[in-house]
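Trainee: I would like to go through this model with you, beginning with its aromatic rings and then turning to the ligand.

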Amino acid sequence: MQFIDLAAQQKRIRGRIEAGFKRILDHGQYILGPEIREIEDELAAFVGVPYAVSVASGTDALLMPLLTEKMGPGDAVFVPTFTFIASAGAIALTGATPVFVDIDPETFNIDPADLEAAIQRTIAAKKLTPKGIMPVDLFGQPANYRAIQAIAGKYRLFVLEDAAQSFGASQDGRKAGALAKVAGTSFFPAKPLGGYGDGGMIFTADKALYEELLSIRVHGQGADKYTNVRVGINGRMDSLQAAVLLAKMEIFPEEIELRQEVAGRYDRLLGGAVKTPRILPGNISAWAQYSVLHPRRDAVIARLREAGIPTAVYYPIPLHLQRAFAHLGYQRGDFPVAEKIAGEILSLPMHPYLDEECQKRIAAPIENI
Ligand SMILES: *Cc1c(COP(=O)(O)O)cnc(C)c1O
């Protein structure tokens, strides 16, 4: 059994992917070819925002908006401690300081009450200037944007949605990627919409921000290639990745539906044995992961491994306890919810093509632990 079955998906669209690759081999525009504009237009329409900028990775999709907001030394950007390293890494790369926030024990997303407390502590300490919030839509479920936007408005902070895991999700009828001023997603192969390599995309309704992102993507270029008006990066996505994404988009809405069915079956099969995920009213998750809690997590993993079933732990160490951020001076006990969940969480195989028979085989060894 596989954790994510990309082969089953490829079988459905192999012909379209090969035709897309052939088109690129024929026209030869490997960088910023016509497929790039096509996928940007398609995904902007899907998300429901006017502008999309494809980039080289999800990490660049977070870093570049922080650069446009001129984040730097002395600035504080609030981010949950329970996320992939890239969320806080992008903040630190600009010279700004990631200020960690605890999570909600039910959704694993940033806890709005703890967010406001962290903002007030930062203001009182007078060392850093609060500038932004980076909520993360963990495991595919949008964070609590109603509460977050209210706090952002109160303290005049900009909001960058880390939608790396939530492409295809929605909240109150609005798609992930459209829940903040600017959002970044990832096309790493294991994400809900994955390429066959690295890639990402930035979404915004702000035209000036969009134009700045286009410039930053190509070394801060001005009117032409060799006029540089700011310092940027090489943040481009390959035409070949766009061809993969265009093929995958033909079945993506159906796959999001299938993921709901898989998650619903897990909920029923696992209800008594582990703590199953809670999706807030108004949210539809993209189900990047199906993550459950069990006080004897390692025993559950061992039992599943014996049965030939792969699992993963996202994430075993919250970011405030990572050596990369040791200089920030956090200690064990600072974020009790995240620390407890890091010790109890595990993710089960999750993809649109997981059938009931497989899910029963996954549930069986867990039942009596
Ligand atoms: C995957 C991921 C990223 C980074 O995306 P890459 O494409 O791997 O650079 C950022 N944030 C979160 C929450 C992620 O899961």
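Trainee: How many aromatic pairs does a search of the whole structure find?

Mentor: Bear in mind that this is a predicted model. Rings count as a pair if their centres lie within 6.5 Å, and a search of the whole structure on that basis gives a total of 14.

Trainee: Is the pair of Phe108 and Phe139 stacked or edge-to-face, and how many residues apart in sequence are the parts that it ties together?

Mentor: The ring centres of Phe108 and Phe139 are 5.9 Å apart with 75° between the planes, and since planes over 60 degrees apart count as edge-to-face, this pair is edge-to-face. Phe108 belongs to the loop between strand E3 (97–101) and helix H5 (112–125), whereas Phe139 belongs to the loop between strand E4 (129–133) and helix H6 (145–155), so the parts tied together by the pair are separated in sequence by 31 residues.

Trainee: Which helix supplies the largest share of the shell around the ligand?

Mentor: The shell has five nonpolar, eight polar and two charged residues. Helix H3 (58–68) and helix H4 (85–93) each contribute at least two residues to it, but the largest share, three residues, comes from H3.

Trainee: Which residue has a side-chain N or O atom 2.8 Å from a nitrogen atom of the ligand, and what percentage of the ligand's accessible area does the protein cover?

Mentor: Oxygen atoms of the ligand lie 2.7 Å from a polar backbone atom of Gly58 and 2.5 Å from a polar side-chain atom of Thr59, whereas the contact at 2.8 Å to a ligand nitrogen involves the side chain of Asp162. Of the 380 Å² of accessible area that the ligand has on its own, the protein covers 93%.

Conventions:
Residues are numbered from 1 along each chain as its sequence is written. This is a predicted model: local features need pLDDT of at least 70, side-chain atom pairs count only at pLDDT 80 or more; totals for chains, interfaces and linings use all residues. Side-chain values use heavy atoms; hydrogens and water are left out. A polar contact is a pair of N or O atoms within 3.5 Å; within protein, one must be able to donate a hydrogen and the other to accept it, and residues adjacent in sequence count only if both atoms are side-chain atoms. Accessible areas come from the Shrake-Rupley method with a 1.4 Å probe; for residues, only the protein chains shown count as cover. Helices (H or I, at least four residues) and strands (E, at least two) are DSSP runs, numbered from the N terminus. Ala, Val, Leu, Ile, Met, Phe, Trp, Tyr, Cys and Pro count as nonpolar, Asp, Glu, Lys and Arg as charged, and the others, Gly among them, as polar. Rings of Phe, Tyr and Trp (its six-membered ring) pair if their centres lie within 6.5 Å; planes under 30 degrees apart count as stacked, over 60 as edge-to-face and the rest as tilted.
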